[in-house]
Amino acid sequence: MLLNAADLRREARRRLPAFAFSYVDGGAEDETTLQHNQDVFRRWMFAPAVLQDASSRDTGTNVGQTRLAAPLLVAPTGYNGMLRHQADQMIARAAAGQGIGYIQSTVSTASMEEIAAASSGDRWFQLYVLKDRNVTRNLLERARQAGCTALVVSVDAVHFGNRERDKRHYRRPMKLSHAAMANIATHPGWVMRTLMPQGMPGFGNLKPYIPAEYQRGAGGAAYFASQMDPALSWETLAWVREIWQGPLYIKGIMTVDDALAAQRLGAEGIVLSNHGGRQLDGTHSPMLVLPAVRAAVGPDFSVLIDSGFRRGTDVVKALALGADAVLLGRPLLYAVAAGGEALVASTIGTMKQEIDRTLAQLGCRSVKELHAGLLHRVGA
């Protein structure tokens with residue numbers, strides 16, 4: 001029985017080849033931050049109010065111009081086609097059906113145009129700024145034409161993390177080891193679900209810019225890595241701000257100073273994130289800076305957060321400390337790998353139920369009633 005994210009993880013591990021599971025599940029180096037991201041929630045325990053009438057509750061909220069049925073958005077995740085054919089479309093449709101936001105990655109397998117055709121839900125686009133400014137500009141124009149209502153610019157992956165768990169499956173960059181190839185042979189179900197429908201996945205959003213012979217797999221990944229702009233700066237973001245006229249969010253913020261800089265830039269909000277522990281190992285959880293960031297930017301600036309969220313109780317703790325909404329990543333990837341679209345929808349539904357139940361047990365009728373006084377700090 002699949003009841004929670006831990007169950008989904010075990011099932012995804014069973015169904016995926018080792019190299020694909022490591023890509024989704026792993027972090028950088030010793031994976032200290034990966035583990036810390038989940039452990040950190042134990043530092044706050046609930047102090048529930050009793051004898052409050054919470055017989056009816058509303059989990060809905062607004063993030064900027066977006067109305068959400070619950071304070072949740074799908075985090076932008078790349079190359080999901082390695083988990084299951086049309087995984088991106090499945091996740092987008094499930095999010096729309098559950099009334100939560102969906103943020104599409106620059107390096108998604110499906111293109112933004114394909115997602116627009118597959119889902120009628122509210123969609124945002126996540127941008128990695130590339131060296132070729134004409135390509136970056138064209139991505140933004142395509143996002144606008146595809147109906148994306150907000151832009152999320154990731155700023156924490158200019159230099160890729162050292163993901164050693166990934167590397168163990170390769171004999172050289174982009175070439176799987178013989179052991180990894182043999183392991184794939186023991187997962188015929190994955191081959192049928194993922195490779196048989198269309199072959200090795202590619203990068204849908206980058207397809208117009210990659211030479212034909214490098215469209216899929218290693219070639220596309222190599223192109224993307226070569227195009228990342230190592231000189232990304234606040235001046236670059238100001239250029240993006242001029243081009244993109246809609247709501248803008250900066251993802252990867254981890255300090256008060258950078259949060260304030262994003263606010264001065266004219267962004268509508270930020271995403272506090274350490275990239276799920278996949279970049280700089282030893283980085284603290286964004287939960288630890290959340291209260292200070294909220295105090296610094298004030299009540300009207302949107303503060304979103306991700307990294308390590310597995311339960312509705314985790315989400316409620318973040319909301320009580322000042323977050324407007326939470327981005328979900330790995331739990332939904334485990335779900336699509338383990339059971340496809342129906343299991344993604346069920347996973348989102350379970351998370352919504354956990355949030356609703358936690359509100360009830362805290363004596364709150366809506367997420368707006370959450371506050372830090374409902375938490376007791378027990379850890380250092």
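Two strands are taken to pair if DSSP finds at least two bridges between them. Strands themselves are DSSP runs (E, at least two residues), and helices are runs of H or I with at least four residues, both numbered from the N terminus. In β5, Gly101 is the bridge partner of Leu73, and this pair serves as the starting point of the tour.

The model is a predicted one, in which local features need pLDDT of at least 70 and side-chain atom pairs count only at pLDDT 80 or more, while totals for chains, interfaces and linings use all residues. Residues are numbered from 1 along each chain as its sequence is written, and side-chain values use heavy atoms, with hydrogens and water left out.

**Stop 1: the barrel**

Select Leu73 and Gly101 and display the strands around them. Strands β4 and β5 run parallel and are joined by 2 bridges. Both belong to a barrel that 8 strands close in the order β4-β5-β6-β7-β10-β11-β12-β13, with parallel pairing. From one strand to the next, the twist averages 30°; angles here run from 0 to 180 degrees between N-to-C directions, and axes are lines fitted to C-alpha atoms, for helices over the stretch in contact.

Next, select residues 269-272 and 302-305. These are strands β11 and β12, which pair in the parallel sense over 4 bridges. Val271 has Leu304 as its bridge partner in β12.

Return to β5 and show its side chains. Are the faces of this strand covered or open? Both are covered: Gly101 and Ile103 on one side, and Tyr102 and Gln104 on the other, are all buried. Buried means under 20% relative accessible area, exposed means over 50%, and partly exposed lies in between, using a 1.4 Å probe and protein chains only. In a regular strand the side chains alternate between the two faces of the sheet.

**Stop 2: helices on the sheet**

Select α15 (residues 330-362). This helix lies across β4 and β13 (325-328) and runs at about 170° to β4.

**Stop 3: α14 against α15**

Keep α15 displayed and add α14, residues 312-320. The axes of the two helices come within 8 Å and cross at roughly 60°. The helices are therefore oblique to each other, where angles under 35 degrees count as roughly parallel, over 145 as roughly antiparallel, 65 to 115 as roughly perpendicular and the rest as oblique. From α14, Gly312, Thr313, Val315 and Val316 make the contact, and from α15, Met351, Glu354, Ile355, Thr358 and Leu362. Contact means heavy atoms within 4.5 Å. The residues of this contact comprise 5 nonpolar, 3 polar and 1 charged. In this classification Ala, Val, Leu, Ile, Met, Phe, Trp, Tyr, Cys and Pro are nonpolar, Asp, Glu, Lys and Arg are charged, and the others, Gly among them, are polar.

Now colour α14 by accessibility. Of its 9 residues, 8 are buried, so α14 is largely enclosed by the rest of the structure. Among the buried residues are Asp314 and Lys317. Following the helix is Gly322, whose phi is positive, near 125°.

**Stop 4: α1 against α15**

Select α1, residues 5-15, with α15 still shown. The axes of these helices come within 8 Å and cross at roughly 115°. In α1, Ala5, Leu8, Arg9, Glu11, Ala12 and Arg15 meet Pro331, Tyr334, Ala335, Ala337, Ala338, Leu343 and Thr347 of α15. By class, this contact has 9 nonpolar, 1 polar and 3 charged residues.

**Stop 5: individual residues in loops**

Select Thr106, in the loop between β5 and α5 (112-118). Thr106 counts as buried, at 0% relative accessibility. Which residues does Thr106 contact, leaving aside its neighbours within four places in sequence? They are Phe125, Gln126, Leu127, Tyr128, Leu139, Asn205 and Leu206.

Most residues other than glycine have a negative phi. Select Glu31, which has a positive phi of about 60° although it is not a glycine. Glu31 is placed in the loop between α2 (18-25) and α3 (32-39), and at 17% relative accessibility it counts as buried. Then select Tyr79, in the loop between β4 and α4. Tyr79 is not a glycine, yet its phi is positive, about 55°; at 10% relative accessibility, Tyr79 counts as buried.

**Stop 6: Asn62**

Finish at strand β2 (residues 61-63), where Asn62 is found. Asn62 is partly exposed, with a relative accessible area of 45%. Draw a distance from its C-alpha atom to that of Val293: the two residues are 231 apart along the chain, and the separation is 19 Å.
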